[in-house]
Amino acid sequence: MRKILLSILAFLPVVGAFSQVGEYRRELAVGVNGGYMMSNVGFNPDIPQTNLGGFTGGFTVRYTCEKYFKSICALVGEVNISQVGWKEDIQTVDDLPVINEYTGLPENYQRRLTYVQVPMMARLGWGRERKGMQFFFQAGPQVGFFLSDKATSNFEYDKRNKADRVGAMRDAVQDTLDIQRKFDYGIAAGLGLEYSHPKVGHFMLEGRYYYGLGDIFNNSKRDYFGRSNIGSIVVKLTYLFDIVKTNNPKIK
């Protein structure tokens, strides 16, 4: 998986090379974005999880540089505040909920991490630029800066039901560790639709996937986890308005 994602990143300079031979554009648009995220953390040893829901939102800048054949090439940057993390699926060896003997309730635990995320993507679009629909694909690197985290559970750590838990859930090391690596990095890629109108602006609906190449906990041989990378899926809406537009009546 990492080789595939790194190959995508290596391909991005090719998009930049196209700008030397395509139809010239010089268009700058800015705006805002917001969406809903579903995330988890890829632990090794494995921690059974379900996706944790959270929100993301921030600012978007897009610079359209050229049209190469039918592909509209642009660079997109965002600065977002995003909620990611994990929600544990605490079960017995028989796939039944683990019941806490003190509360009489199924044990649950989740941890929400807040980041400033900065994706920087190359974008290819096909369709109308000024008025109408456009389909687009974009991909590129993303970095994240940890701000804070919040753990929520319905049991005390020292009073968890260790007897019925299985595997790494029994130790629950991740429940008490502070976030040790506060810089995150990885690859983001998305597909979407854009509707444009010259008097209103640009409206985009996108589905995006992020695969973290870094870890949130230390991963040396003496540490508990060998891997703890963030993964997320986000559905988001973006609105952009034009700041600079190319003076070319042929652009549709």
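This is a short talk on the fold, the cavities, the cysteines and a few backbone details of one protein chain.

Hi everyone, thanks for coming. One thing before we begin: what you have in front of you is a predicted model.

Let me start with the overall layout. The protein chain has 252 residues, and 44% of them count as buried. Its C-alpha trace spans about 75 × 35 × 30 Å along the principal axes. How many helices and strands does the chain have? The count is 2 helices and 9 strands. If you read from the N terminus, the order is α-β-β-β-β-β-β-α-β-β-β. For those of you who like contact maps, take the contacts with a separation of 6 or more: 75% of them are between residues 24 or more positions apart.

Now to how some of those strands pair. Strand β6, residues 132-153, runs antiparallel to strand β7, residues 183-197, and 14 bridges join the two. If you want a spot to click on, try F136, which stands opposite G192 in β7. On we go to β7 and β8, which also pair in the antiparallel sense, over 12 bridges. The link between β7 and β8 is a hairpin through 3 residues. Here the pair to look at is A188 and its bridge partner in β8, Y210. Please keep Y210 in mind, since that residue returns in a moment.

Next, the empty space inside. Rolling a probe the size of a water molecule over the atoms shows where empty space is left. Searching the whole structure turns up 3 cavities of 30 Å³ or more, and I will talk about two of them.

The largest cavity holds about 130 Å³ of space. It is lined by 15 residues, and those closest to its centre are E27, R62, T64, E129 and H202. Which elements give two or more residues to that lining? They are β1 (23-44), β3 (52-68) and β4 (71-88). The largest share comes from β1, with 3 residues. What I would like you to look at is the chemistry: by class, the lining has 8 charged residues, 3 polar and 4 nonpolar.

The second largest cavity has about 90 Å³ of space. Here is our friend Y210 again, in a lining made up of M37, T56, N80, S82, Q117, Q142, R208, Y210, S232, V234 and K236. In this case the elements giving two or more residues are β4, β8 (201-212) and β9 (227-244). β9 gives the most, with 3 residues. By class, this lining comes to 6 polar, 3 nonpolar and 2 charged residues. So that you can set the two side by side, recall that the largest cavity had 8 charged residues in its lining.

Let's turn to the cysteines. A disulfide is a covalent bond between the sulfur atoms of two cysteines. How many disulfides does the structure hold? The number is 0. Why is there no bond between C65 and C73? The closest cysteine sulfur to that of C65 is in C73, 5.7 Å away, and that is too far for a bond. From the other side, the sulfur of C73 has C65 as its closest partner, again at 5.7 Å. C65 counts as buried because its relative accessibility is 19%, and the cut-off is under 20%. C73 counts as buried too, at 1% relative accessibility. As for where to find C65, that residue lies in strand β3. The C-alpha atoms of C65 and L28 are 9.0 Å apart, while the two residues are 37 apart along the chain.

Last, three backbone details for anyone who checks torsions. N44 and P45 are joined by a cis peptide bond, with omega about 10°. P45 sits in the loop between β1 and β2 (49-50). Then there is F69, which is not a glycine and yet has a positive phi of about 55°. You will find F69 in the loop between β3 and β4. A172 also has a positive phi, near 50°, and lies in the loop between α2 (168-171) and β7. Are these two residues buried or exposed? F69 counts as exposed, at 67% relative accessibility, whereas A172 counts as buried, at 0%.

That is my tour. Thanks for listening, everyone!

Note on methods
Residues are numbered from 1 along each chain as its sequence is written. This is a predicted model: local features need pLDDT of at least 70, side-chain atom pairs count only at pLDDT 80 or more; totals for chains, interfaces and linings use all residues. Side-chain values use heavy atoms; hydrogens and water are left out. On a 1 Å grid over the protein atoms alone, a cavity is a set of points where a 1.4 Å probe fits but cannot get out, and a pocket is an open set with protein on both sides within 12 Å along at least five of seven lines; lining residues have an atom within 4 Å of a point. Grid points are joined across faces, edges and corners, and a volume is the space filled by probe spheres set on the points. Helices (H or I, at least four residues) and strands (E, at least two) are DSSP runs, numbered from the N terminus. Ala, Val, Leu, Ile, Met, Phe, Trp, Tyr, Cys and Pro count as nonpolar, Asp, Glu, Lys and Arg as charged, and the others, Gly among them, as polar. A disulfide is a pair of cysteine sulfur atoms within 2.5 Å. Buried means under 20% relative accessible area, exposed over 50%, partly exposed in between (1.4 Å probe, protein chains only). Two strands pair if DSSP finds at least two bridges between them. Contact means heavy atoms within 4.5 Å.
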